[in-house]
Amino acid sequence: MKVLKHIFICGLCLFTASCGNDWLNMEPSTSIKNEDGYQQIGDIEYALNGIYNIMQNAYAYSGRLVYYGDVTGDDMQAVSSTKRTGSYYLFAYTKDNAPSTHWSYLYSIIGQCNYILADVDRLVDAEKNKESFDENKPVWDDWKGQALALRGMALFDLTRIFGYPYKKDNGASLGVPIIKQVLAIQDKPARGTVAECYAQIIADLEDGTTLLAGDFNKGKINKWAALTLLSRVYLYKGDDAKALEKAEAAIGGAENEKYALWTNAEYPTAWSNDASSSKPGEVLFEIVNTNTDGAGNESMGYLSSSDGYDDLCITSSFYALLLQDPNDVRLKLLSFDGTKYAYVFKYQPQDGENIEDANIPLIRLSEAYLNAAEAAQKLVDNDKAVKFLDPIVKRANPAKTVTGQQITHERILTERRKELVCEGHRMYDALRDGGKATRSDVANNKIKSTKHLSGTYEKEYDWDWYKVVLPIPKAEIDTNPNIKQNPDY
Ligand code: CA
(Lines give C-alpha, C1' and ligand atoms only; values in the text may rest on other atoms or scores of the structure.)
Protein backbone atom coordinates (compact mmCIF):
# COMPACT_ATOMS: atom_id res chain seq x y z
CA MET A 1 0.00 0.00 0.00
CA LYS A 2 2.86 2.35 0.79
CA VAL A 3 4.31 1.99 -2.67
CA LEU A 4 0.96 2.71 -4.26
CA LYS A 5 0.54 5.81 -2.13
CA HIS A 6 3.84 7.21 -3.32
CA ILE A 7 2.77 6.72 -6.90
CA PHE A 8 -0.33 8.78 -6.21
CA ILE A 9 1.52 11.53 -4.43
CA CYS A 10 4.05 11.85 -7.23
CA GLY A 11 1.16 12.08 -9.63
CA LEU A 12 -0.37 14.89 -7.65
CA CYS A 13 2.91 16.80 -7.53
CA LEU A 14 2.62 17.10 -11.29
CA PHE A 15 -0.60 18.99 -10.86
CA THR A 16 0.87 22.43 -10.29
CA ALA A 17 3.10 22.19 -13.35
CA SER A 18 0.55 20.51 -15.55
CA CYS A 19 -0.69 21.71 -18.88
CA GLY A 20 -4.17 20.27 -18.84
CA ASN A 21 -6.56 18.31 -16.71
CA ASP A 22 -3.95 15.96 -15.28
CA TRP A 23 -5.98 15.84 -12.10
CA LEU A 24 -8.50 13.75 -14.01
CA ASN A 25 -6.15 11.61 -16.00
CA MET A 26 -3.72 10.44 -13.40
CA GLU A 27 -3.09 6.78 -14.00
CA PRO A 28 -3.87 4.57 -11.00
CA SER A 29 -0.90 2.27 -11.46
CA THR A 30 0.96 1.20 -14.53
CA SER A 31 1.36 -2.27 -13.09
CA ILE A 32 -2.29 -3.25 -13.04
CA LYS A 33 -3.98 -1.10 -15.65
CA ASN A 34 -2.98 -0.98 -19.29
CA GLU A 35 -4.34 1.25 -22.05
CA ASP A 36 -7.42 -0.95 -22.36
CA GLY A 37 -8.28 -0.49 -18.71
CA TYR A 38 -8.37 -2.96 -15.85
CA GLN A 39 -7.94 -6.57 -16.93
CA GLN A 40 -9.46 -8.66 -14.16
CA ILE A 41 -12.09 -8.28 -11.52
CA GLY A 42 -9.57 -8.42 -8.67
CA ASP A 43 -7.95 -5.23 -9.99
CA ILE A 44 -11.04 -3.34 -8.90
CA GLU A 45 -10.41 -4.00 -5.23
CA TYR A 46 -6.81 -2.94 -5.65
CA ALA A 47 -7.95 0.25 -7.38
CA LEU A 48 -10.44 0.99 -4.57
CA ASN A 49 -7.66 0.67 -2.02
CA GLY A 50 -5.79 3.26 -4.04
CA ILE A 51 -8.73 5.67 -3.67
CA TYR A 52 -8.78 5.20 0.10
CA ASN A 53 -5.07 5.98 0.05
CA ILE A 54 -5.71 9.30 -1.66
CA MET A 55 -8.45 10.05 0.85
CA GLN A 56 -6.07 9.26 3.71
CA ASN A 57 -3.66 12.03 2.74
CA ALA A 58 -3.43 14.91 5.21
CA TYR A 59 -4.29 17.32 2.38
CA ALA A 60 -7.46 15.31 1.89
CA TYR A 61 -9.63 13.59 4.53
CA SER A 62 -7.03 13.07 7.26
CA GLY A 63 -6.62 16.82 7.59
CA ARG A 64 -7.30 19.79 5.39
CA LEU A 65 -10.70 18.83 3.98
CA VAL A 66 -11.90 18.35 7.55
CA TYR A 67 -10.49 21.38 9.37
CA TYR A 68 -11.36 23.76 6.53
CA GLY A 69 -15.07 23.52 7.46
CA ASP A 70 -14.30 24.19 11.14
CA VAL A 71 -11.85 27.10 11.07
CA THR A 72 -13.92 28.99 8.47
CA GLY A 73 -16.80 29.00 10.97
CA ASP A 74 -17.27 30.47 14.42
CA ASP A 75 -16.77 27.52 16.77
CA MET A 76 -13.09 26.89 16.08
CA GLN A 77 -10.16 29.07 15.18
CA ALA A 78 -6.49 29.00 14.33
CA VAL A 79 -4.29 29.19 17.42
CA SER A 80 -2.22 31.85 15.67
CA SER A 81 -2.17 33.48 12.26
CA THR A 82 1.01 31.62 11.30
CA LYS A 83 -0.49 28.19 11.87
CA ARG A 84 -1.39 26.08 8.83
CA THR A 85 -5.05 26.71 9.63
CA GLY A 86 -4.37 30.47 9.75
CA SER A 87 -5.06 31.47 6.16
CA TYR A 88 -8.41 29.64 6.12
CA TYR A 89 -9.48 31.04 9.46
CA LEU A 90 -8.48 34.58 8.40
CA PHE A 91 -9.81 34.06 4.85
CA ALA A 92 -6.39 35.38 3.86
CA TYR A 93 -6.20 33.94 0.38
CA THR A 94 -6.62 35.36 -3.10
CA LYS A 95 -7.34 33.83 -6.48
CA ASP A 96 -3.57 33.75 -7.05
CA ASN A 97 -2.42 32.08 -3.85
CA ALA A 98 -5.34 29.91 -2.74
CA PRO A 99 -4.46 26.24 -2.31
CA SER A 100 -5.02 23.83 -5.15
CA THR A 101 -5.23 20.70 -3.03
CA HIS A 102 -8.96 20.76 -2.32
CA TRP A 103 -9.50 20.65 -6.05
CA SER A 104 -6.71 18.27 -7.03
CA TYR A 105 -7.28 15.59 -4.39
CA LEU A 106 -11.03 15.50 -4.84
CA TYR A 107 -10.75 15.34 -8.61
CA SER A 108 -8.16 12.60 -8.38
CA ILE A 109 -10.66 10.61 -6.30
CA ILE A 110 -13.31 11.22 -8.97
CA GLY A 111 -10.86 10.28 -11.73
CA GLN A 112 -9.98 6.99 -10.01
CA CYS A 113 -13.67 6.20 -9.47
CA ASN A 114 -14.28 6.82 -13.17
CA TYR A 115 -11.57 4.34 -14.16
CA ILE A 116 -13.29 1.70 -12.04
CA LEU A 117 -16.79 2.54 -13.23
CA ALA A 118 -15.65 2.42 -16.86
CA ASP A 119 -14.50 -1.20 -16.50
CA VAL A 120 -16.35 -2.89 -13.66
CA ASP A 121 -19.43 -4.03 -15.62
CA ARG A 122 -17.29 -5.51 -18.41
CA LEU A 123 -15.13 -7.40 -15.89
CA VAL A 124 -18.16 -8.71 -13.97
CA ASP A 125 -19.74 -9.93 -17.22
CA ALA A 126 -16.52 -11.74 -18.06
CA GLU A 127 -16.60 -13.45 -14.67
CA LYS A 128 -20.21 -14.49 -15.17
CA ASN A 129 -19.22 -16.39 -18.30
CA LYS A 130 -16.74 -18.47 -16.36
CA GLU A 131 -17.63 -21.92 -15.06
CA SER A 132 -16.42 -20.95 -11.61
CA PHE A 133 -18.96 -18.11 -11.41
CA ASP A 134 -20.65 -17.90 -8.03
CA GLU A 135 -23.90 -16.00 -8.31
CA ASN A 136 -23.98 -15.48 -4.57
CA LYS A 137 -20.91 -13.33 -4.68
CA PRO A 138 -22.24 -9.86 -3.94
CA VAL A 139 -18.83 -8.30 -3.39
CA TRP A 140 -18.68 -6.93 -6.94
CA ASP A 141 -21.87 -4.97 -6.37
CA ASP A 142 -20.35 -3.62 -3.19
CA TRP A 143 -17.17 -2.54 -5.02
CA LYS A 144 -19.18 -0.71 -7.66
CA GLY A 145 -21.30 0.82 -4.89
CA GLN A 146 -18.15 2.08 -3.14
CA ALA A 147 -16.88 3.71 -6.35
CA LEU A 148 -20.23 5.43 -6.91
CA ALA A 149 -20.57 6.58 -3.30
CA LEU A 150 -17.00 7.90 -3.14
CA ARG A 151 -17.47 9.76 -6.43
CA GLY A 152 -20.66 11.30 -5.00
CA MET A 153 -18.88 12.22 -1.76
CA ALA A 154 -15.99 13.89 -3.59
CA LEU A 155 -18.34 15.86 -5.85
CA PHE A 156 -20.38 16.94 -2.81
CA ASP A 157 -17.26 18.26 -1.09
CA LEU A 158 -16.11 20.06 -4.25
CA THR A 159 -19.57 21.59 -4.68
CA ARG A 160 -19.81 22.89 -1.11
CA ILE A 161 -16.24 24.21 -1.12
CA PHE A 162 -16.31 25.97 -4.51
CA GLY A 163 -20.05 26.61 -4.97
CA TYR A 164 -22.55 28.63 -2.92
CA PRO A 165 -25.11 26.86 -0.75
CA TYR A 166 -27.95 25.33 -2.76
CA LYS A 167 -30.67 27.31 -0.98
CA LYS A 168 -29.05 30.69 -1.73
CA ASP A 169 -30.41 30.66 -5.29
CA ASN A 170 -31.93 27.20 -5.68
CA GLY A 171 -28.69 25.91 -7.16
CA ALA A 172 -28.51 28.46 -9.99
CA SER A 173 -24.92 29.59 -9.35
CA LEU A 174 -21.85 27.72 -10.51
CA GLY A 175 -20.65 24.53 -8.87
CA VAL A 176 -17.78 22.55 -10.36
CA PRO A 177 -17.18 20.44 -13.49
CA ILE A 178 -19.17 17.20 -13.40
CA ILE A 179 -16.91 14.42 -14.63
CA LYS A 180 -18.48 11.02 -15.18
CA GLN A 181 -16.11 9.53 -17.72
CA VAL A 182 -12.41 9.10 -18.17
CA LEU A 183 -11.44 12.31 -19.98
CA ALA A 184 -8.94 12.88 -22.75
CA ILE A 185 -6.12 15.29 -21.96
CA GLN A 186 -7.48 17.88 -24.39
CA ASP A 187 -10.91 18.00 -22.72
CA LYS A 188 -11.58 21.27 -20.94
CA PRO A 189 -14.72 20.77 -18.87
CA ALA A 190 -16.80 23.76 -17.80
CA ARG A 191 -18.46 24.15 -14.40
CA GLY A 192 -21.97 22.81 -13.95
CA THR A 193 -24.48 24.69 -11.83
CA VAL A 194 -24.83 23.79 -8.17
CA ALA A 195 -28.21 22.24 -9.06
CA GLU A 196 -26.59 20.08 -11.76
CA CYS A 197 -23.88 19.02 -9.31
CA TYR A 198 -26.48 18.06 -6.70
CA ALA A 199 -28.37 16.01 -9.29
CA GLN A 200 -25.19 14.04 -10.01
CA ILE A 201 -24.23 13.70 -6.32
CA ILE A 202 -27.69 12.36 -5.54
CA ALA A 203 -27.69 9.99 -8.54
CA ASP A 204 -24.32 8.53 -7.45
CA LEU A 205 -25.33 8.17 -3.82
CA GLU A 206 -28.75 6.72 -4.66
CA ASP A 207 -27.18 4.19 -7.07
CA GLY A 208 -24.36 3.53 -4.63
CA THR A 209 -26.66 2.84 -1.69
CA THR A 210 -28.64 0.27 -3.66
CA LEU A 211 -25.42 -1.64 -4.43
CA LEU A 212 -23.44 -1.24 -1.22
CA ALA A 213 -23.33 -3.93 1.42
CA GLY A 214 -24.37 -3.10 4.96
CA ASP A 215 -21.69 -5.18 6.64
CA PHE A 216 -19.01 -3.62 8.79
CA ASN A 217 -16.13 -3.01 6.40
CA LYS A 218 -13.22 -1.42 8.20
CA GLY A 219 -12.04 1.82 6.65
CA LYS A 220 -14.45 1.46 3.71
CA ILE A 221 -17.71 3.23 2.98
CA ASN A 222 -20.75 1.01 3.53
CA LYS A 223 -24.47 1.37 2.94
CA TRP A 224 -25.26 3.14 6.25
CA ALA A 225 -22.48 5.67 5.87
CA ALA A 226 -23.57 6.45 2.31
CA LEU A 227 -27.23 6.78 3.37
CA THR A 228 -26.23 9.20 6.15
CA LEU A 229 -24.23 11.25 3.68
CA LEU A 230 -27.17 11.19 1.27
CA SER A 231 -29.49 12.46 4.02
CA ARG A 232 -27.05 15.32 4.59
CA VAL A 233 -27.04 16.16 0.87
CA TYR A 234 -30.86 16.24 0.82
CA LEU A 235 -30.85 18.51 3.91
CA TYR A 236 -28.48 20.96 2.22
CA LYS A 237 -30.72 20.87 -0.85
CA GLY A 238 -33.92 21.38 1.14
CA ASP A 239 -35.54 18.06 0.24
CA ASP A 240 -36.48 17.33 3.84
CA ALA A 241 -38.76 14.36 3.15
CA LYS A 242 -35.92 12.53 1.39
CA ALA A 243 -33.46 13.61 4.10
CA LEU A 244 -35.67 12.06 6.76
CA GLU A 245 -36.26 8.89 4.74
CA LYS A 246 -32.53 8.32 4.16
CA ALA A 247 -31.52 9.15 7.74
CA GLU A 248 -34.14 6.75 9.12
CA ALA A 249 -32.96 4.04 6.72
CA ALA A 250 -29.37 4.61 7.87
CA ILE A 251 -30.26 4.45 11.56
CA GLY A 252 -32.46 1.36 11.24
CA GLY A 253 -30.01 -0.49 9.00
CA ALA A 254 -26.93 0.40 11.00
CA GLU A 255 -28.51 -0.59 14.30
CA ASN A 256 -29.54 -3.93 12.79
CA GLU A 257 -25.86 -4.38 11.97
CA LYS A 258 -24.95 -3.79 15.68
CA TYR A 259 -23.85 -0.18 15.24
CA ALA A 260 -25.02 1.89 18.23
CA LEU A 261 -24.61 5.38 19.61
CA TRP A 262 -21.83 5.48 22.14
CA THR A 263 -23.17 5.75 25.69
CA ASN A 264 -22.49 8.63 28.04
CA ALA A 265 -19.91 6.49 29.83
CA GLU A 266 -18.20 5.43 26.60
CA TYR A 267 -18.22 8.85 24.94
CA PRO A 268 -15.04 10.49 26.31
CA THR A 269 -12.74 7.66 25.18
CA ALA A 270 -14.73 5.74 22.53
CA TRP A 271 -12.95 7.73 19.82
CA SER A 272 -9.87 5.62 20.41
CA ASN A 273 -11.73 2.32 19.92
CA ASP A 274 -10.43 0.08 17.19
CA ALA A 275 -13.83 -0.78 15.71
CA SER A 276 -14.60 -4.33 14.61
CA SER A 277 -17.58 -6.20 13.23
CA SER A 278 -18.40 -7.52 16.70
CA LYS A 279 -18.25 -4.02 18.20
CA PRO A 280 -18.61 -1.47 15.39
CA GLY A 281 -19.58 1.44 17.68
CA GLU A 282 -21.02 4.50 16.01
CA VAL A 283 -18.46 5.44 13.39
CA LEU A 284 -19.99 4.48 10.05
CA PHE A 285 -17.01 5.53 7.90
CA GLU A 286 -13.53 6.43 9.02
CA ILE A 287 -10.07 6.87 7.60
CA VAL A 288 -7.89 4.26 9.26
CA ASN A 289 -4.44 5.54 10.14
CA THR A 290 -1.85 3.36 11.84
CA ASN A 291 1.73 3.79 12.95
CA THR A 292 2.94 2.02 9.83
CA ASP A 293 0.42 3.54 7.40
CA GLY A 294 -0.58 6.96 8.65
CA ALA A 295 -1.06 10.49 7.37
CA GLY A 296 1.78 12.01 9.39
CA ASN A 297 1.99 15.16 11.44
CA GLU A 298 -0.39 17.16 9.22
CA SER A 299 -3.25 14.87 10.23
CA MET A 300 -6.11 15.93 12.51
CA GLY A 301 -4.69 14.01 15.47
CA TYR A 302 -1.50 16.03 15.51
CA LEU A 303 -3.05 19.35 14.47
CA SER A 304 -5.77 19.36 17.10
CA SER A 305 -3.57 18.48 20.08
CA SER A 306 -1.39 20.61 22.34
CA ASP A 307 1.08 17.72 22.19
CA GLY A 308 1.26 18.14 18.43
CA TYR A 309 1.20 21.24 16.21
CA ASP A 310 -1.72 22.73 18.22
CA ASP A 311 -3.15 24.35 15.13
CA LEU A 312 -6.82 24.66 15.91
CA CYS A 313 -8.66 25.30 19.15
CA ILE A 314 -12.23 26.08 20.11
CA THR A 315 -13.39 29.69 20.25
CA SER A 316 -14.34 31.33 23.53
CA SER A 317 -17.93 31.63 22.32
CA PHE A 318 -18.13 27.89 21.63
CA TYR A 319 -16.74 27.14 25.07
CA ALA A 320 -19.47 29.34 26.55
CA LEU A 321 -22.04 27.45 24.47
CA LEU A 322 -20.88 24.07 25.79
CA LEU A 323 -20.79 25.44 29.35
CA GLN A 324 -24.52 26.12 29.16
CA ASP A 325 -24.64 22.66 30.70
CA PRO A 326 -21.61 22.06 32.96
CA ASN A 327 -22.48 18.34 32.99
CA ASP A 328 -22.42 17.95 29.22
CA VAL A 329 -20.22 14.92 28.51
CA ARG A 330 -18.76 16.69 25.49
CA LEU A 331 -16.86 18.99 27.85
CA LYS A 332 -14.81 15.92 28.75
CA LEU A 333 -13.33 15.90 25.23
CA LEU A 334 -11.64 19.25 25.84
CA SER A 335 -8.00 19.39 26.78
CA PHE A 336 -6.55 22.63 28.08
CA ASP A 337 -3.20 24.26 27.49
CA GLY A 338 -2.79 26.04 30.80
CA THR A 339 -5.26 28.94 30.73
CA LYS A 340 -4.67 29.65 27.07
CA TYR A 341 -6.53 27.36 24.73
CA ALA A 342 -8.89 24.39 24.67
CA TYR A 343 -8.49 21.62 22.12
CA VAL A 344 -11.00 18.99 21.03
CA PHE A 345 -9.70 15.48 21.65
CA LYS A 346 -11.80 13.56 19.13
CA TYR A 347 -8.83 12.30 17.15
CA GLN A 348 -7.67 9.79 19.71
CA PRO A 349 -4.98 7.30 18.74
CA GLN A 350 -5.83 3.62 18.82
CA ASP A 351 -4.00 1.24 21.15
CA GLY A 352 -0.22 1.44 20.72
CA GLU A 353 -0.32 4.44 18.40
CA ASN A 354 0.76 8.08 18.58
CA ILE A 355 -1.64 11.01 18.21
CA GLU A 356 -0.80 11.51 14.53
CA ASP A 357 -2.00 7.93 13.88
CA ALA A 358 -5.53 8.62 15.12
CA ASN A 359 -8.30 7.42 12.84
CA ILE A 360 -10.50 10.09 11.25
CA PRO A 361 -14.24 9.52 11.77
CA LEU A 362 -15.91 11.01 8.68
CA ILE A 363 -19.52 9.85 9.11
CA ARG A 364 -21.06 8.96 12.46
CA LEU A 365 -24.41 7.55 13.52
CA SER A 366 -24.91 10.67 15.69
CA GLU A 367 -25.10 12.71 12.50
CA ALA A 368 -27.82 10.46 11.12
CA TYR A 369 -29.87 11.17 14.29
CA LEU A 370 -29.28 14.91 13.95
CA ASN A 371 -30.12 14.84 10.22
CA ALA A 372 -33.35 12.96 10.96
CA ALA A 373 -34.29 15.36 13.76
CA GLU A 374 -33.63 18.42 11.60
CA ALA A 375 -35.56 17.05 8.63
CA ALA A 376 -38.48 16.06 10.87
CA GLN A 377 -38.58 19.52 12.47
CA LYS A 378 -38.66 21.14 9.05
CA LEU A 379 -41.49 18.80 8.08
CA VAL A 380 -43.37 19.92 11.21
CA ASP A 381 -43.27 16.40 12.65
CA ASN A 382 -42.42 17.28 16.25
CA ASP A 383 -42.81 13.72 17.52
CA LYS A 384 -40.08 12.50 15.21
CA ALA A 385 -37.90 15.54 15.88
CA VAL A 386 -38.08 14.64 19.59
CA LYS A 387 -37.53 10.95 18.86
CA PHE A 388 -34.25 11.55 17.03
CA LEU A 389 -32.93 14.54 19.00
CA ASP A 390 -33.54 13.07 22.44
CA PRO A 391 -30.93 10.26 22.27
CA ILE A 392 -28.22 12.84 21.47
CA VAL A 393 -29.37 15.19 24.24
CA LYS A 394 -29.70 12.38 26.80
CA ARG A 395 -26.37 10.87 25.88
CA ALA A 396 -24.68 14.24 26.52
CA ASN A 397 -26.34 14.43 29.94
CA PRO A 398 -28.66 11.62 31.10
CA ALA A 399 -30.49 14.11 33.36
CA LYS A 400 -31.71 16.05 30.29
CA THR A 401 -34.49 15.31 27.83
CA VAL A 402 -36.43 17.12 25.12
CA THR A 403 -39.47 14.87 25.55
CA GLY A 404 -42.61 16.98 25.73
CA GLN A 405 -40.92 20.02 24.19
CA GLN A 406 -41.65 21.86 20.96
CA ILE A 407 -38.41 21.50 19.01
CA THR A 408 -37.16 24.52 17.03
CA HIS A 409 -34.67 24.62 14.18
CA GLU A 410 -32.37 26.66 16.41
CA ARG A 411 -32.46 23.97 19.10
CA ILE A 412 -31.36 21.28 16.65
CA LEU A 413 -28.67 23.42 15.07
CA THR A 414 -27.25 24.20 18.53
CA GLU A 415 -27.13 20.49 19.37
CA ARG A 416 -25.45 19.84 16.01
CA ARG A 417 -22.74 22.42 16.77
CA LYS A 418 -22.02 20.82 20.12
CA GLU A 419 -22.01 17.28 18.77
CA LEU A 420 -20.09 17.71 15.50
CA VAL A 421 -17.48 20.31 16.44
CA CYS A 422 -14.04 19.68 14.93
CA GLU A 423 -15.47 17.25 12.37
CA GLY A 424 -15.58 19.70 9.47
CA HIS A 425 -19.26 20.74 9.49
CA ARG A 426 -19.67 24.13 11.09
CA MET A 427 -19.26 26.72 8.31
CA TYR A 428 -21.58 24.81 5.98
CA ASP A 429 -24.15 24.28 8.75
CA ALA A 430 -24.07 27.93 9.80
CA LEU A 431 -24.76 29.20 6.27
CA ARG A 432 -26.70 26.55 4.36
CA ASP A 433 -30.17 27.65 5.54
CA GLY A 434 -29.43 31.35 5.18
CA GLY A 435 -27.95 31.79 8.66
CA LYS A 436 -24.82 33.53 9.84
CA ALA A 437 -21.48 32.64 11.33
CA THR A 438 -20.76 35.08 14.17
CA ARG A 439 -17.32 35.45 15.64
CA SER A 440 -17.38 37.02 19.08
CA ASP A 441 -15.14 36.83 22.14
CA VAL A 442 -16.50 35.74 25.51
CA ALA A 443 -14.37 36.31 28.61
CA ASN A 444 -13.49 33.12 30.45
CA ASN A 445 -10.72 32.51 32.94
CA LYS A 446 -10.11 28.96 31.78
CA ILE A 447 -9.09 29.99 28.26
CA LYS A 448 -7.93 33.55 28.88
CA SER A 449 -5.75 33.77 25.79
CA THR A 450 -8.38 32.67 23.31
CA LYS A 451 -9.45 35.69 21.30
CA HIS A 452 -10.26 36.00 17.64
CA LEU A 453 -7.14 37.00 15.74
CA SER A 454 -6.94 40.33 14.02
CA GLY A 455 -7.19 40.34 10.28
CA THR A 456 -9.15 41.85 7.46
CA TYR A 457 -12.10 39.52 7.59
CA GLU A 458 -15.75 39.80 8.49
CA LYS A 459 -16.75 39.08 12.08
CA GLU A 460 -20.19 38.09 10.93
CA TYR A 461 -20.97 36.66 7.52
CA ASP A 462 -23.54 34.74 5.57
CA TRP A 463 -23.78 33.18 2.11
CA ASP A 464 -23.56 36.60 0.46
CA TRP A 465 -19.91 37.09 1.40
CA TYR A 466 -17.71 36.13 -1.53
CA LYS A 467 -15.08 34.45 0.63
CA VAL A 468 -17.33 31.68 1.90
CA VAL A 469 -16.43 29.83 -1.28
CA LEU A 470 -12.84 29.21 -2.29
CA PRO A 471 -11.54 30.59 -5.58
CA ILE A 472 -10.98 28.07 -8.37
CA PRO A 473 -7.23 27.27 -8.24
CA LYS A 474 -5.02 29.42 -10.45
CA ALA A 475 -3.51 26.40 -12.21
CA GLU A 476 -6.96 25.37 -13.37
CA ILE A 477 -8.00 28.87 -14.48
CA ASP A 478 -4.72 29.30 -16.38
CA THR A 479 -5.05 26.05 -18.35
CA ASN A 480 -8.79 25.67 -18.87
CA PRO A 481 -10.44 28.60 -20.72
CA ASN A 482 -13.90 27.12 -20.06
CA ILE A 483 -13.61 27.57 -16.29
CA LYS A 484 -15.08 30.74 -14.81
CA GLN A 485 -13.68 32.15 -11.56
CA ASN A 486 -15.99 32.72 -8.60
CA PRO A 487 -17.47 36.24 -8.31
CA ASP A 488 -15.44 39.07 -6.74
CA TYR A 489 -12.12 37.20 -6.63
CA1 CA B 1 -5.29 4.56 14.13
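This passage describes the overall fold of the chain and then its calcium site. The model is predicted.

The chain holds 489 residues, and 60% of them count as buried. Its secondary structure comprises 19 helices and 10 strands. Along the principal axes, the C-alpha atoms occupy a box of roughly 65 × 50 × 45 Å. The radius of gyration is 22 Å, which agrees with the value near 23 Å for a compact globule, because that value is the one set by a length of 489 residues. Contacts between remote parts of the sequence are frequent: among contacts with a separation of 6 or more, 73% join residues 24 or more positions apart. The accessible surface amounts to about 18700 Å². Carbon and sulfur atoms contribute 48% of that surface.

A calcium ion is bound by the chain, with donor distances of 2.1 to 2.8 Å. Backbone-named O atoms of N289 and D357 take part. Q350 donates OE1, and N359 donates OD1. E353 appears twice, through OE atoms. The site has 6 donor atoms, and the angles among them run from 50 to 161°. The geometry is therefore classed as irregular, since six donors count as octahedral only if opposite donors are over 155 degrees apart and all others lie between 65 and 115.

In sequence, the donors follow the spacing N-x60-Q-x2-E-x3-D-x1-N. N289 and Q350 lie 61 residues apart and link distant parts of the chain. N289 sits in the loop between β4 (283-287) and α13 (300-303). Q350 sits in the loop between β7 (341-344) and β8 (360-364). Both N289 and Q350 are buried.

Note on methods
Residues are numbered from 1 along each chain as its sequence is written. This is a predicted model: local features need pLDDT of at least 70, side-chain atom pairs count only at pLDDT 80 or more; totals for chains, interfaces and linings use all residues. Side-chain values use heavy atoms; hydrogens and water are left out. Donors are N, O and S atoms within 2.8 Å of the metal (3.2 Å for Na, K and Ca); water is not among the atoms, so sites may look incomplete. Four donors count as tetrahedral if all angles lie between 85 and 135 degrees; four count as square planar and six as octahedral if opposite donors are over 155 degrees apart and all others between 65 and 115; anything else is irregular. Helices (H or I, at least four residues) and strands (E, at least two) are DSSP runs, numbered from the N terminus. Buried means under 20% relative accessible area, exposed over 50%, partly exposed in between (1.4 Å probe, protein chains only). The radius of gyration is taken over C-alpha atoms; the globule rule is 2.2 Å times the number of residues to the power 0.38. Contact means heavy atoms within 4.5 Å. Accessible areas come from the Shrake-Rupley method with a 1.4 Å probe; for residues, only the protein chains shown count as cover.
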